[in-house]
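User: I should like to study this protein step by step. Please guide me through its structure with short, reasoned answers.

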Amino acid sequence: MRRRTSPFTAVRSEGALLPPELLQRVAEGDRELPGLRPEDFHLSPNERVNEQISRSWSRLVGVWAAFAPELERMSPNDPGTGRTRERWLAPLFQELGFGRLEPARGLEIHGKHYPISHRWQRVPIHLVGAGVELDRRERGVAG
């Protein structure tokens with residue numbers, strides 16, 4: 001059996017969730033595929049989806065370029081939570097269409113407390129600083 005090669009150099013699809021055929025249809029702008037029209041992204045009919053993607057990408061590249069030097073100046077013991085939230089995560093979530101996230105105190109499920117920092121509508125979101133290790137618990141850092 002010969003394995004098919006993908007025309008996408010930066011994407012590797014495993015399994016059936018996003019088969020290469022679907023990715024190809026998206027790349028080609030297949031009009032029969034739902035969810036690719038400007039209206040689906042709350043754009044006016046004459047706006048192009050790719051142009052909006054380019055605008056969003058350009059904005060976030062600029063936001064990251066302004067934030068990256070702050071990361072280099074951070075002390076190894078500084079979680080950088082406030083700066084990360086305001087200078088990177090808030091613009092990122094705004095660009096993704098979440099708007100301004102609401103601060104939240106936490107969530108209790110079946111008697112167990114889960115620290116969360118924000119909500120979007122009814123979705124709990126926990127934002128941490130760029131200096132927080134995600135693979136293990138850190139003393140003094142909620143979540």
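User: In what order do the elements of the protein run from the N terminus on?
Analyst: The model discussed here is a predicted one. The protein contains 3 helices and 5 strands. Read from the N terminus on, the elements follow the order α-α-α-β-β-β-β-β.

User: What radius of gyration does the protein have, beside that of a compact globule of 143 residues?
Analyst: The C-alpha atoms fill a box of roughly 50 × 45 × 40 Å along the principal axes. For a compact globule of 143 residues, a radius of gyration near 15 Å would be expected. The protein itself has a value of 20 Å.

User: What percentage of the 143 residues is buried?
Analyst: A residue is called buried when its relative accessible area is under 20%. The protein exposes about 11,700 Å² in total, and carbon and sulfur atoms supply 53% of that area. Among the 143 residues, the buried share is 20%.

User: How far does helix 2 reach from its first C-alpha to its last?
Analyst: Helix 2 covers residues 49–73, which amounts to 25 residues. At 1.5 Å a residue, a span of 36 Å is expected. The span in the model is close to that figure, at 37 Å.

User: At which residue does the kink in helix 2 lie?
Analyst: The kink has an angle of about 25 degrees. Its position is shortly before the proline P69. The residue at the kink is also one of the buried residues of helix 2; the residue is F67.

User: Which helix is included in what covers the buried residues of helix 2?
Analyst: The buried residues of helix 2 include V49, S56, L60 and V63. Part of their cover is supplied by residues 81–95, that is, by helix 3.

User: Why is one side of strand 1 and of strand 5 left without a neighbour in the sheet?
Analyst: The open sheet consists of 3 strands in the order 1-4-5, with antiparallel pairing. Strand 1 (102–103) and strand 5 (123–125) therefore each have one side without a neighbour, because both stand at the edges with a single partner strand.

User: Which residue of strand 4 stands opposite P103?
Analyst: Strand 1 and strand 4 (residues 118–120) run antiparallel and are joined by 2 bridges. Opposite P103, strand 4 places H118.

User: Is V11 buried, exposed or partly exposed?
Analyst: V11 belongs to the segment before helix 1 (20–28). Its relative accessibility is 42%. Because partly exposed residues lie between the limits of 20% and 50%, V11 counts as partly exposed.

Terms used:
Residues numbered from 1 in each chain as written. Predicted model: local features only at pLDDT ≥ 70, side-chain atom pairs only at ≥ 80, totals over all residues. Heavy atoms only, no water. Expected span 1.5 Å × (residues − 1). Bend = angle between axes of the 7 residues up to and from the residue. Buried < 20%, exposed > 50% of the residue type's maximum accessible area, 1.4 Å probe, protein only. Contact = heavy atoms within 4.5 Å. Rg over C-alpha atoms; globule rule 2.2 N^0.38 Å. Areas by Shrake-Rupley, 256 points an atom, 1.4 Å probe, with all protein chains shown as cover. Pairing = 2+ DSSP bridges.
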